[in-house]
Amino acid sequence: MSDGSFGGFVAAAARRGELVVQPRMGIGDPAGMRAGLLAVRRAGVRAVGTLTLDSFTRVGDHDAVRAALAAGDHLNGYPIVAYPPGTTRSVLAGVHDDSFPVQVRHGSAKPQDIVVALLAAGLHATEGGPLSYCLPYSRVPVAEAVRAWAESCLLLAGLRERGGRPHLESFGGCMMGQLCPPGLLVAISVLEALFFRQHGLGSVSLSYAQQTHPEQDAEAVHALRALAAEHLSDVEWHVVLYTYMGVFPRTPRGATALLERAAELAVRTGAERLIVKTVAEAHRIPTVEENVAALRIASRAAARARRDQATPDTGVLAEARAIVEAVLDLAPDVGVALVRAVERGYLDVPYCLHPDNAGRTRAVVDGTGRLRWSRTGSLPLAGLVRASGRAETTAAELLRSLSHVERTYDDAALHPVGTG
(Lines give C-alpha, C1' and ligand atoms only; values in the text may rest on other atoms or scores of the structure.)
Protein backbone atom coordinates (compact mmCIF):
# COMPACT_ATOMS: atom_id res chain seq x y z
CA MET A 1 0.00 0.00 0.00
CA SER A 2 1.12 3.53 -0.71
CA ASP A 3 1.26 6.04 2.16
CA GLY A 4 -0.22 8.70 -0.12
CA SER A 5 3.12 10.31 -0.94
CA PHE A 6 4.88 10.46 -4.29
CA GLY A 7 7.80 8.39 -3.06
CA GLY A 8 5.48 5.96 -1.32
CA PHE A 9 3.49 5.43 -4.53
CA VAL A 10 6.64 4.59 -6.49
CA ALA A 11 7.91 2.30 -3.72
CA ALA A 12 4.61 0.43 -3.61
CA ALA A 13 4.68 -0.09 -7.39
CA ALA A 14 8.28 -1.36 -7.17
CA ARG A 15 7.27 -3.93 -4.57
CA ARG A 16 4.68 -5.21 -7.05
CA GLY A 17 7.30 -5.37 -9.78
CA GLU A 18 5.73 -2.50 -11.76
CA LEU A 19 7.64 0.30 -13.47
CA VAL A 20 6.03 3.71 -12.95
CA VAL A 21 5.86 5.67 -16.21
CA GLN A 22 5.54 9.45 -16.47
CA PRO A 23 5.09 12.02 -19.26
CA ARG A 24 6.72 15.48 -19.44
CA MET A 25 3.41 17.19 -20.12
CA GLY A 26 2.46 20.81 -19.51
CA ILE A 27 -0.51 22.75 -20.92
CA GLY A 28 -1.08 26.46 -20.28
CA ASP A 29 -4.87 26.34 -20.19
CA PRO A 30 -6.28 24.92 -16.91
CA ALA A 31 -9.02 22.96 -18.68
CA GLY A 32 -6.51 21.49 -21.10
CA MET A 33 -4.11 20.63 -18.27
CA ARG A 34 -6.88 18.89 -16.37
CA ALA A 35 -7.90 16.93 -19.46
CA GLY A 36 -4.28 15.88 -19.99
CA LEU A 37 -3.91 14.65 -16.43
CA LEU A 38 -7.19 12.74 -16.67
CA ALA A 39 -6.02 11.08 -19.89
CA VAL A 40 -2.82 9.93 -18.20
CA ARG A 41 -4.72 8.68 -15.16
CA ARG A 42 -7.06 6.69 -17.43
CA ALA A 43 -4.29 5.30 -19.65
CA GLY A 44 -4.48 1.88 -18.02
CA VAL A 45 -0.83 1.86 -16.89
CA ARG A 46 0.97 2.50 -13.61
CA ALA A 47 1.60 6.21 -14.08
CA VAL A 48 2.09 9.48 -12.27
CA GLY A 49 1.03 12.83 -13.64
CA THR A 50 3.13 15.86 -14.50
CA LEU A 51 2.55 19.60 -14.45
CA THR A 52 5.41 20.90 -16.59
CA LEU A 53 5.70 24.67 -16.25
CA ASP A 54 6.12 27.27 -18.99
CA SER A 55 9.42 28.90 -19.89
CA PHE A 56 8.45 32.34 -18.51
CA THR A 57 7.68 30.89 -15.08
CA ARG A 58 10.91 28.92 -15.19
CA VAL A 59 12.98 32.13 -15.33
CA GLY A 60 10.73 34.06 -12.93
CA ASP A 61 9.27 36.41 -15.54
CA HIS A 62 5.78 36.38 -14.06
CA ASP A 63 4.86 39.72 -15.70
CA ALA A 64 5.38 38.08 -19.11
CA VAL A 65 3.13 35.21 -18.06
CA ARG A 66 0.34 37.55 -17.00
CA ALA A 67 0.68 39.52 -20.23
CA ALA A 68 0.49 36.32 -22.28
CA LEU A 69 -2.58 35.15 -20.39
CA ALA A 70 -4.26 38.53 -20.81
CA ALA A 71 -3.57 38.47 -24.55
CA GLY A 72 -4.78 34.88 -24.92
CA ASP A 73 -1.33 33.74 -26.10
CA HIS A 74 -0.32 30.11 -26.05
CA LEU A 75 2.12 29.11 -23.29
CA ASN A 76 4.44 26.10 -23.56
CA GLY A 77 3.57 24.87 -20.08
CA TYR A 78 1.41 25.43 -17.02
CA PRO A 79 2.00 28.83 -15.28
CA ILE A 80 1.41 27.67 -11.72
CA VAL A 81 2.61 30.91 -10.09
CA ALA A 82 0.34 33.15 -12.15
CA TYR A 83 -2.84 31.21 -11.39
CA PRO A 84 -4.50 31.50 -7.98
CA PRO A 85 -4.06 28.33 -5.87
CA GLY A 86 -7.77 27.65 -6.25
CA THR A 87 -7.40 27.38 -10.03
CA THR A 88 -4.74 24.71 -9.73
CA ARG A 89 -6.70 22.91 -7.04
CA SER A 90 -9.64 22.80 -9.48
CA VAL A 91 -7.35 21.32 -12.13
CA LEU A 92 -6.34 18.61 -9.67
CA ALA A 93 -9.73 17.93 -8.05
CA GLY A 94 -10.74 14.33 -8.55
CA VAL A 95 -7.50 13.66 -10.44
CA HIS A 96 -4.63 13.95 -7.99
CA ASP A 97 -4.93 11.50 -5.08
CA ASP A 98 -3.13 8.61 -3.40
CA SER A 99 -3.55 6.45 -6.51
CA PHE A 100 -2.33 9.14 -8.92
CA PRO A 101 0.34 11.51 -7.59
CA VAL A 102 1.30 14.57 -9.63
CA GLN A 103 4.78 16.09 -9.85
CA VAL A 104 5.69 19.65 -10.86
CA ARG A 105 8.59 19.86 -13.36
CA HIS A 106 9.96 23.29 -14.16
CA GLY A 107 13.63 24.06 -14.94
CA SER A 108 14.16 26.98 -12.55
CA ALA A 109 17.45 27.93 -10.90
CA LYS A 110 15.50 30.01 -8.33
CA PRO A 111 12.29 28.06 -7.68
CA GLN A 112 11.03 29.54 -4.40
CA ASP A 113 7.87 31.05 -5.95
CA ILE A 114 7.16 27.77 -7.73
CA VAL A 115 7.50 25.77 -4.52
CA VAL A 116 5.20 28.16 -2.66
CA ALA A 117 2.61 27.84 -5.45
CA LEU A 118 2.71 24.05 -5.67
CA LEU A 119 2.39 23.66 -1.91
CA ALA A 120 -0.55 26.08 -1.87
CA ALA A 121 -2.24 23.93 -4.52
CA GLY A 122 -1.85 20.80 -2.41
CA LEU A 123 1.07 19.25 -4.31
CA HIS A 124 4.20 17.88 -2.66
CA ALA A 125 6.55 16.61 -5.38
CA THR A 126 8.90 18.47 -7.70
CA GLU A 127 12.39 18.18 -9.18
CA GLY A 128 15.56 20.00 -10.18
CA GLY A 129 18.58 20.99 -8.15
CA PRO A 130 21.13 23.74 -7.43
CA LEU A 131 23.47 22.58 -10.21
CA SER A 132 21.21 20.70 -12.59
CA TYR A 133 18.72 23.55 -12.98
CA CYS A 134 21.40 26.24 -12.88
CA LEU A 135 24.25 25.24 -15.19
CA PRO A 136 22.23 24.10 -18.24
CA TYR A 137 19.33 26.55 -18.10
CA SER A 138 20.42 29.84 -16.55
CA ARG A 139 23.11 32.45 -16.02
CA VAL A 140 22.34 32.65 -12.30
CA PRO A 141 25.58 32.34 -10.29
CA VAL A 142 25.95 28.88 -8.78
CA ALA A 143 26.27 30.30 -5.26
CA GLU A 144 22.97 32.14 -5.72
CA ALA A 145 21.26 29.01 -7.05
CA VAL A 146 22.54 27.02 -4.07
CA ARG A 147 20.99 29.57 -1.68
CA ALA A 148 17.71 29.54 -3.62
CA TRP A 149 17.51 25.77 -3.60
CA ALA A 150 18.34 25.62 0.11
CA GLU A 151 15.36 27.91 0.76
CA SER A 152 13.18 25.83 -1.55
CA CYS A 153 14.13 22.60 0.22
CA LEU A 154 13.25 24.14 3.57
CA LEU A 155 9.86 25.22 2.20
CA LEU A 156 9.19 21.67 1.05
CA ALA A 157 10.52 20.16 4.27
CA GLY A 158 8.06 22.30 6.23
CA LEU A 159 5.34 20.03 4.90
CA ARG A 160 6.78 17.21 7.03
CA GLU A 161 5.87 19.14 10.16
CA ARG A 162 2.23 19.00 9.03
CA GLY A 163 2.32 15.26 8.41
CA GLY A 164 3.09 15.34 4.68
CA ARG A 165 5.89 13.58 2.82
CA PRO A 166 7.36 15.94 0.23
CA HIS A 167 9.49 14.47 -2.53
CA LEU A 168 12.33 16.05 -4.48
CA GLU A 169 14.00 14.57 -7.57
CA SER A 170 17.50 15.51 -8.69
CA PHE A 171 17.83 16.42 -12.36
CA GLY A 172 21.57 15.80 -12.03
CA GLY A 173 21.54 12.67 -14.15
CA CYS A 174 20.60 14.69 -17.22
CA MET A 175 22.41 18.04 -17.13
CA MET A 176 22.97 19.04 -20.80
CA GLY A 177 20.88 16.13 -22.06
CA GLN A 178 23.74 14.53 -23.95
CA LEU A 179 27.53 14.22 -24.22
CA CYS A 180 28.15 14.23 -20.47
CA PRO A 181 29.91 10.98 -19.48
CA PRO A 182 27.99 8.79 -17.04
CA GLY A 183 30.42 9.09 -14.13
CA LEU A 184 29.78 12.82 -13.82
CA LEU A 185 26.01 12.44 -14.25
CA VAL A 186 25.88 9.84 -11.47
CA ALA A 187 28.04 11.97 -9.18
CA ILE A 188 25.94 15.13 -9.60
CA SER A 189 22.72 13.23 -8.98
CA VAL A 190 24.11 11.75 -5.75
CA LEU A 191 25.51 15.09 -4.60
CA GLU A 192 22.20 16.88 -5.19
CA ALA A 193 20.34 14.17 -3.28
CA LEU A 194 22.75 14.69 -0.38
CA PHE A 195 22.06 18.44 -0.59
CA PHE A 196 18.31 17.74 -0.41
CA ARG A 197 18.75 15.49 2.61
CA GLN A 198 20.91 18.08 4.38
CA HIS A 199 18.08 20.58 3.98
CA GLY A 200 15.38 18.39 5.47
CA LEU A 201 14.02 16.18 2.67
CA GLY A 202 13.38 12.57 3.64
CA SER A 203 12.16 11.33 0.25
CA VAL A 204 14.28 11.85 -2.85
CA SER A 205 14.90 10.38 -6.28
CA LEU A 206 18.10 10.22 -8.27
CA SER A 207 18.04 10.51 -12.03
CA TYR A 208 19.98 9.18 -14.97
CA ALA A 209 19.34 9.98 -18.62
CA GLN A 210 19.71 7.21 -21.20
CA GLN A 211 22.85 7.94 -23.24
CA THR A 212 24.49 6.31 -26.26
CA HIS A 213 25.35 2.73 -25.27
CA PRO A 214 23.04 0.29 -23.43
CA GLU A 215 25.78 -1.55 -21.53
CA GLN A 216 27.40 1.68 -20.40
CA ASP A 217 23.98 2.96 -19.33
CA ALA A 218 23.29 -0.20 -17.36
CA GLU A 219 26.62 0.16 -15.59
CA ALA A 220 25.80 3.79 -14.79
CA VAL A 221 22.42 3.02 -13.23
CA HIS A 222 23.94 0.23 -11.14
CA ALA A 223 26.64 2.69 -10.02
CA LEU A 224 23.96 5.23 -9.11
CA ARG A 225 22.11 2.65 -7.03
CA ALA A 226 25.33 1.56 -5.31
CA LEU A 227 26.29 5.10 -4.29
CA ALA A 228 22.74 5.91 -3.21
CA ALA A 229 22.75 2.84 -0.98
CA GLU A 230 26.06 3.98 0.55
CA HIS A 231 25.16 7.62 1.12
CA LEU A 232 21.37 7.74 1.53
CA SER A 233 20.52 4.79 3.74
CA ASP A 234 18.62 7.04 6.16
CA VAL A 235 16.14 8.44 3.61
CA GLU A 236 13.60 7.02 1.17
CA TRP A 237 15.02 7.03 -2.37
CA HIS A 238 14.44 5.61 -5.81
CA VAL A 239 15.98 5.93 -9.27
CA VAL A 240 14.23 7.59 -12.20
CA LEU A 241 15.48 6.97 -15.73
CA TYR A 242 14.91 9.53 -18.49
CA THR A 243 14.39 8.36 -22.04
CA TYR A 244 17.17 9.86 -24.18
CA MET A 245 17.20 13.65 -23.83
CA GLY A 246 19.36 14.48 -26.86
CA VAL A 247 18.64 14.60 -30.59
CA PHE A 248 15.74 12.18 -30.99
CA PRO A 249 15.08 9.82 -33.94
CA ARG A 250 12.86 11.36 -36.59
CA THR A 251 11.15 8.16 -37.74
CA PRO A 252 8.24 6.80 -35.68
CA ARG A 253 9.79 3.32 -35.65
CA GLY A 254 13.15 4.68 -34.53
CA ALA A 255 11.61 6.81 -31.80
CA THR A 256 9.48 3.90 -30.57
CA ALA A 257 12.47 1.56 -30.49
CA LEU A 258 14.50 4.05 -28.44
CA LEU A 259 11.66 4.40 -25.93
CA GLU A 260 11.35 0.62 -25.68
CA ARG A 261 15.09 0.31 -25.00
CA ALA A 262 14.72 2.89 -22.23
CA ALA A 263 11.93 0.89 -20.60
CA GLU A 264 13.98 -2.29 -20.87
CA LEU A 265 16.98 -0.51 -19.34
CA ALA A 266 14.85 0.68 -16.43
CA VAL A 267 13.64 -2.83 -15.64
CA ARG A 268 17.04 -4.42 -16.22
CA THR A 269 18.74 -2.08 -13.74
CA GLY A 270 15.99 -1.79 -11.14
CA ALA A 271 15.08 1.83 -11.85
CA GLU A 272 11.63 2.39 -10.39
CA ARG A 273 10.34 5.21 -12.61
CA LEU A 274 10.71 6.18 -16.28
CA ILE A 275 10.20 9.58 -17.94
CA VAL A 276 8.94 8.83 -21.46
CA LYS A 277 9.33 10.63 -24.77
CA THR A 278 7.10 10.35 -27.83
CA VAL A 279 7.32 9.81 -31.57
CA ALA A 280 6.81 13.57 -31.99
CA GLU A 281 9.88 14.65 -29.97
CA ALA A 282 12.02 15.47 -33.02
CA HIS A 283 9.30 17.57 -34.63
CA ARG A 284 7.11 19.46 -32.12
CA ILE A 285 5.53 19.48 -28.67
CA PRO A 286 3.64 16.18 -28.31
CA THR A 287 -0.12 15.99 -27.98
CA VAL A 288 -1.86 14.44 -25.00
CA GLU A 289 -2.71 11.43 -27.17
CA GLU A 290 0.93 10.97 -28.17
CA ASN A 291 1.99 11.15 -24.53
CA VAL A 292 -0.56 8.51 -23.56
CA ALA A 293 0.56 6.28 -26.43
CA ALA A 294 4.17 6.60 -25.25
CA LEU A 295 3.19 5.61 -21.72
CA ARG A 296 1.50 2.49 -23.02
CA ILE A 297 4.44 1.58 -25.28
CA ALA A 298 6.87 1.94 -22.37
CA SER A 299 4.65 -0.02 -20.00
CA ARG A 300 4.31 -2.91 -22.47
CA ALA A 301 8.07 -2.96 -23.09
CA ALA A 302 8.72 -2.96 -19.34
CA ALA A 303 6.35 -5.90 -18.84
CA ARG A 304 8.40 -7.94 -21.34
CA ALA A 305 11.77 -7.05 -19.78
CA ARG A 306 13.59 -8.88 -17.01
CA ARG A 307 15.88 -7.71 -14.19
CA ASP A 308 19.56 -8.40 -14.88
CA GLN A 309 22.19 -7.73 -12.23
CA ALA A 310 25.17 -8.71 -14.41
CA THR A 311 26.80 -5.60 -15.82
CA PRO A 312 30.40 -5.20 -17.03
CA ASP A 313 32.54 -2.88 -14.90
CA THR A 314 34.37 -0.34 -17.07
CA GLY A 315 34.94 2.23 -14.34
CA VAL A 316 31.76 4.32 -14.10
CA LEU A 317 31.31 3.56 -10.40
CA ALA A 318 34.95 4.39 -9.65
CA GLU A 319 34.69 7.70 -11.55
CA ALA A 320 31.47 8.71 -9.83
CA ARG A 321 32.74 7.74 -6.38
CA ALA A 322 35.96 9.69 -6.88
CA ILE A 323 34.05 12.82 -7.85
CA VAL A 324 31.55 12.52 -4.99
CA GLU A 325 34.27 11.97 -2.39
CA ALA A 326 36.46 14.79 -3.72
CA VAL A 327 33.54 17.24 -3.63
CA LEU A 328 32.41 16.23 -0.15
CA ASP A 329 35.97 16.70 1.11
CA LEU A 330 35.81 20.39 0.18
CA ALA A 331 33.43 21.36 3.00
CA PRO A 332 31.11 19.74 5.57
CA ASP A 333 28.21 21.76 4.15
CA VAL A 334 27.15 20.18 0.84
CA GLY A 335 26.05 23.50 -0.64
CA VAL A 336 29.41 25.13 0.09
CA ALA A 337 31.15 22.05 -1.31
CA LEU A 338 29.15 22.31 -4.56
CA VAL A 339 30.11 25.95 -5.05
CA ARG A 340 33.79 25.22 -4.40
CA ALA A 341 33.70 22.18 -6.67
CA VAL A 342 32.43 24.25 -9.58
CA GLU A 343 35.03 26.95 -8.86
CA ARG A 344 37.86 24.40 -8.86
CA GLY A 345 36.59 22.47 -11.88
CA TYR A 346 35.86 19.29 -9.90
CA LEU A 347 32.37 19.55 -11.40
CA ASP A 348 32.87 20.70 -14.99
CA VAL A 349 30.14 19.85 -17.50
CA PRO A 350 31.23 19.39 -21.14
CA TYR A 351 29.88 21.96 -23.60
CA CYS A 352 28.11 23.90 -20.84
CA LEU A 353 28.31 27.67 -21.42
CA HIS A 354 27.32 28.83 -17.95
CA PRO A 355 29.78 31.55 -16.80
CA ASP A 356 30.68 29.59 -13.63
CA ASN A 357 31.38 26.32 -15.45
CA ALA A 358 35.13 25.85 -16.01
CA GLY A 359 34.61 24.61 -19.57
CA ARG A 360 37.79 22.53 -19.67
CA THR A 361 36.19 19.11 -20.21
CA ARG A 362 35.09 17.50 -23.45
CA ALA A 363 33.56 14.18 -24.42
CA VAL A 364 32.84 12.26 -27.63
CA VAL A 365 31.06 9.09 -28.71
CA ASP A 366 33.76 6.58 -29.62
CA GLY A 367 33.69 3.97 -32.37
CA THR A 368 31.84 1.47 -30.15
CA GLY A 369 29.09 3.96 -29.32
CA ARG A 370 30.29 4.61 -25.77
CA LEU A 371 30.53 8.11 -24.36
CA ARG A 372 34.15 8.86 -23.45
CA TRP A 373 36.15 11.71 -21.97
CA SER A 374 38.41 13.42 -24.49
CA ARG A 375 39.50 16.08 -21.96
CA THR A 376 39.04 15.83 -18.19
CA GLY A 377 40.16 19.33 -17.16
CA SER A 378 40.44 19.47 -13.36
CA LEU A 379 38.02 16.63 -12.65
CA PRO A 380 39.38 14.52 -9.74
CA LEU A 381 39.88 11.48 -11.95
CA ALA A 382 43.67 11.05 -11.94
CA GLY A 383 44.54 7.42 -12.60
CA LEU A 384 40.98 6.49 -13.46
CA VAL A 385 40.48 7.94 -16.94
CA ARG A 386 42.72 7.94 -19.98
CA ALA A 387 41.53 10.92 -21.97
CA SER A 388 42.71 11.49 -25.51
CA GLY A 389 44.36 14.77 -24.52
CA ARG A 390 43.40 16.38 -27.80
CA ALA A 391 43.26 20.16 -27.84
CA GLU A 392 39.67 20.32 -29.04
CA THR A 393 36.88 18.25 -30.51
CA THR A 394 36.35 19.10 -34.16
CA ALA A 395 32.99 20.37 -35.38
CA ALA A 396 32.54 17.21 -37.45
CA GLU A 397 33.22 14.98 -34.42
CA LEU A 398 30.81 16.97 -32.28
CA LEU A 399 28.02 16.74 -34.86
CA ARG A 400 28.66 13.02 -35.30
CA SER A 401 28.44 12.49 -31.54
CA LEU A 402 25.31 14.63 -31.17
CA SER A 403 23.50 12.72 -33.92
CA HIS A 404 24.75 9.24 -32.99
CA VAL A 405 21.55 8.02 -31.34
CA GLU A 406 19.29 9.61 -33.95
CA ARG A 407 21.26 8.00 -36.80
CA THR A 408 21.51 4.62 -35.09
CA TYR A 409 17.78 4.25 -34.51
CA ASP A 410 16.58 5.88 -37.73
CA ASP A 411 18.98 3.77 -39.82
CA ALA A 412 17.71 0.63 -38.13
CA ALA A 413 14.11 1.72 -38.74
CA LEU A 414 14.68 2.54 -42.40
CA HIS A 415 16.92 -0.45 -43.15
CA PRO A 416 15.85 -3.38 -40.95
CA VAL A 417 18.18 -6.36 -40.78
CA GLY A 418 17.25 -8.88 -43.47
CA THR A 419 15.91 -6.34 -45.94
CA GLY A 420 17.68 -5.17 -49.03
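Which residue of E3 does threonine 52 stand opposite? Threonine 52 faces arginine 105 in E3. Before going further, please keep in mind that everything here is read from a predicted model.

**The chain as a whole**

Let's begin with the overall picture. The protein chain contains 15 helices and ten strands. Its radius of gyration is 20 Å, close to the 22 Å that the globule rule gives for 420 residues, so the chain is as compact as a globular protein of that length. Along the principal axes, the C-alpha atoms fill a box of roughly 60 × 55 × 45 Å.

Of the 420 residues, 58% count as buried. The accessible surface comes to about 16200 Å², and carbon and sulfur atoms account for 52% of that area. Among contacts between residues at least 6 apart in sequence, 73% join residues at least 24 apart. As for charge, the chain has 43 positive and 43 negative charges, and their mean positions are 3 Å apart.

**Strands E2 and E3**

Back to the strand pair of the opening question. E2 spans residues 49-52 and E3 spans residues 102-105; the two run parallel and are joined by four bridges. In a regular strand the side chains alternate between the two faces of the sheet. In E2, both faces are covered: Gly49 and Leu51 are buried on one side, and Thr50 and Thr52 are buried on the other.

Further along the chain, proline 111 sits in the loop between E3 and helix H6 (112-120). Is proline 111 buried or exposed? Its relative accessible area is 0%, so proline 111 is buried. Leaving out residues up to four places away in sequence, proline 111 touches His106, Ala148, Trp149 and Ser152. The C-alpha atoms of proline 111 and threonine 126 are separated by 10 Å, with their places 15 residues apart along the chain.

**The E9–E10 hairpin**

A second strand pair is worth a visit. E9 (residues 361-365) is mostly covered, with five of its five residues buried. On one side these are Thr361, Ala363 and Val365, and on the other Arg362 and Val364. E9 pairs with E10 (residues 371-376) in the antiparallel sense over five bridges, and valine 365 stands opposite leucine 371 of E10.

E9 and E10 form a hairpin with five residues between them, and glycine 369 in the turn has a positive phi of about 95 degrees. Which residues does glycine 369 contact, leaving aside its neighbours within four places in sequence? They are Thr212, His213 and His404. With a relative accessible area of 4%, glycine 369 is buried. For a longer reach, the C-alpha atoms of glycine 369 and alanine 303 are separated by 27 Å, and these residues are 66 apart along the chain.

**Positive phi outside glycine**

If you enjoy checking backbone torsions, methionine 175 and tyrosine 351 may interest you. Phi of methionine 175 is near 55 degrees, a positive value in a residue other than glycine. Methionine 175 is found in the loop between strand E5 (167-170) and helix H8 (182-198). Tyrosine 351 also has a positive phi, of about 65 degrees, although it is not a glycine. The place of tyrosine 351 is in the loop between helix H13 (334-344) and E9.

**Threonine 314**

Threonine 314 lies in the loop between helix H11 (288-304) and helix H12 (316-328). Not counting residues up to four places away in sequence, threonine 314 touches Glu219 and Arg370. The C-alpha atoms of threonine 314 and glutamine 216 are separated by 8.0 Å, although these residues are 98 apart along the chain.

**Loop residues side by side**

The table gathers the accessibility of the loop residues discussed above.

| Residue | Relative accessible area | Class |
|---|---|---|
| Proline 111 | 0% | buried |
| Methionine 175 | 2% | buried |
| Threonine 314 | 40% | partly exposed |
| Tyrosine 351 | 23% | partly exposed |
| Glycine 369 | 4% | buried |

Why does tyrosine 351 count as partly exposed? Buried means under 20% and exposed over 50%, so the 23% of tyrosine 351 falls in between.

Methods:
Residues are numbered from 1 along each chain as its sequence is written. This is a predicted model: local features need pLDDT of at least 70, side-chain atom pairs count only at pLDDT 80 or more; totals for chains, interfaces and linings use all residues. Side-chain values use heavy atoms; hydrogens and water are left out. The radius of gyration is taken over C-alpha atoms; the globule rule is 2.2 Å times the number of residues to the power 0.38. Buried means under 20% relative accessible area, exposed over 50%, partly exposed in between (1.4 Å probe, protein chains only). Contact means heavy atoms within 4.5 Å. Accessible areas come from the Shrake-Rupley method with a 1.4 Å probe; for residues, only the protein chains shown count as cover. Lys and Arg count as positive and Asp and Glu as negative; His and the chain ends are not counted. The place of a charge is taken as NZ of Lys, CZ of Arg, CG of Asp or CD of Glu. Two strands pair if DSSP finds at least two bridges between them.
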